[in-house]
Amino acid sequence: MTMIPACAAALLCAAGCVDLPPSELPRSSVSRAVESPFKGLDPGYKTQETAHFLVSAYGSESASRYASLCETNYTRIMQDLGLYSFAPARPYNVVIYKDSAEYHSKTGQPDWSGGAAYGNALLLYEGQGLEATAAHEMTHLVFNEFMGLSVNEQLRWINEGAAVYEETRSNQNSAAWYAARVTQAVAPNPIPFSQMINLAPQTESRRNVDRWYAQAGSVVGFMIRKGGSFSFYQFLDRLRGGASADEAVSAVYGNAWKSLSDVEKAWQLEVGS
C-alpha cells in the first residue's frame, strides 16, 4: 500500500498542531497491500465517473470538483511522461473522506499518513494538502501500471522522482518548497547517483529523507525538460523491457548523454549554476 504524508505540499494546521514543512513529513512509498485495508464512505456519498476515474465523495459538488481535478492531473502526467498511447486497464477509483479523522479511522493508517494508494484506488481526505497529494500519488498509480506489477527497486528513484515532479507541477507551495530544498540542501552536496539509485529510503515515516526526494524530483524533471516527454517515454519503455539505466540512456539520449553518469554531470551543472 502507498501511504502519503499529511499535507505534503500545503502547510496544514489543525487544532493544537504546529505547521510543518514537507521536510517534517514522510513521503509516499510504492509497496502494495494484498487485501483492502479501508472502509468505504458513509451512506449518502455521491459518485462522479469520468473517462479515467470513478470518484466518490460527500456531495455532488465535491465529487464533480475532485473528478475534474483528477482528470487535470491525469492529462498533465500523461503529457509530461510522454505516455500518450497508454491507457489504464480500468478506471482508477478515488475515495475522498470528509476529513483526517474519518480517513484514519477507516483506513487504519498512521497519524502521519495523508492518503493511501491501494491497487488502482486512491484514498484521500478533504484538506489543504489534497491537491498536491493527489498529483503525487496518481503518478505512482500510472507509473506502476505502465511499468508492470514488478517494478525494479532500482527504479524507485524514477518512480518517486516523477511523483515529486508532478506534485510540484500541481501546487505552488510544493514547487517553492522543493526548489528551496534543492538550492539549500541538494546543490551544495548532491547525493551521488550510485547512492540515489541503490540506497533509496525504505520508509517514509522518517523525517530525514526529504533531501533524497528533492534530488530525485529534480533529476527526473531535468530529464523531462531537457530531453522532452517523448524521449522520457522511450527511456521508461526501455527500462520496462529490461534494459539497464545506462543502456536506456544511451539508446534514447545518445546524442546528449551516453550513460547515467553523463546525466549526473549535466544535472549537477544545472543545479550548481
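**Exercise 1. Classify both partners of the Asp210 salt bridge as buried, partly exposed or exposed.**

Solution. Start with Asp210 in this predicted model. Asp210 has a relative accessible area of 6%. Buried means under 20%, so Asp210 is buried. Now take Arg181. Its relative accessibility is 24%. That counts as partly exposed.

Next, look at the contact. The side chains of Asp210 and Arg181 form a salt bridge, at 2.4 Å from N to O. Then place the residues. Asp210 belongs to helix 7 (residues 210-227), and Arg181 to helix 5 (residues 172-186). The pair therefore ties together parts that are 29 residues apart in sequence.

**Exercise 2. Which parts of the chain does the pair Glu166 and Arg76 tie together?**

Solution. First check the distance. The closest N and O atoms of Glu166 and Arg76 are 2.9 Å apart, and the two form a salt bridge. Next, assign the elements. Glu166 sits in helix 4 and Arg76 in helix 1, so the link joins parts 90 residues apart in sequence. Finally, check exposure. Glu166 and Arg76 are both buried.

**Exercise 3. Test whether the span of helix 4 agrees with its number of residues.**

Solution. Helix 4 covers residues 156-170, which is 15 residues. The expected span is 1.5 Å times one less than the number of residues. That gives 21 Å. The end C-alpha atoms are 21 Å apart, so the span agrees. As for cover, 14 of the 15 residues of helix 4 are buried.

**Exercise 4. Describe the hairpin of strand 5 and strand 6.**

Solution. Begin with strand 5, residues 113-118. Of its 6 residues, 6 are buried, so strand 5 is largely enclosed by the rest of the structure. Now pair it. Strand 5 and strand 6 (residues 121-125) run antiparallel and are joined by 3 bridges. One bridge links Tyr118 with Ala121 in strand 6. Last, the turn. There are 2 residues between the strands, and Gly119 has a positive phi near 60°.

**Exercise 5. Locate the partners of the salt bridge between Arg65 and Glu126, and give their exposure.**

Solution. The side chains of Arg65 and Glu126 meet at 3.9 Å, N to O. The cut-off is within 4 Å, so the pair counts as a salt bridge. Arg65 lies in helix 1 (residues 60-81). Glu126 lies in the loop between strand 6 and helix 3 (130-147). The pair therefore ties together parts 61 residues apart in sequence. Both are partly exposed: Arg65 has a relative accessible area of 41%, and Glu126 has 26%. The whole structure holds 10 salt bridges.

Technical notes. Residues numbered from 1 in each chain as written. Predicted model: local features only at pLDDT ≥ 70, side-chain atom pairs only at ≥ 80, totals over all residues. Heavy atoms only, no water. Helix = DSSP H or I, 4+ residues; strand = E, 2+ residues; numbered from the N terminus. Buried < 20%, exposed > 50% of the residue type's maximum accessible area, 1.4 Å probe, protein only. Pairing = 2+ DSSP bridges.
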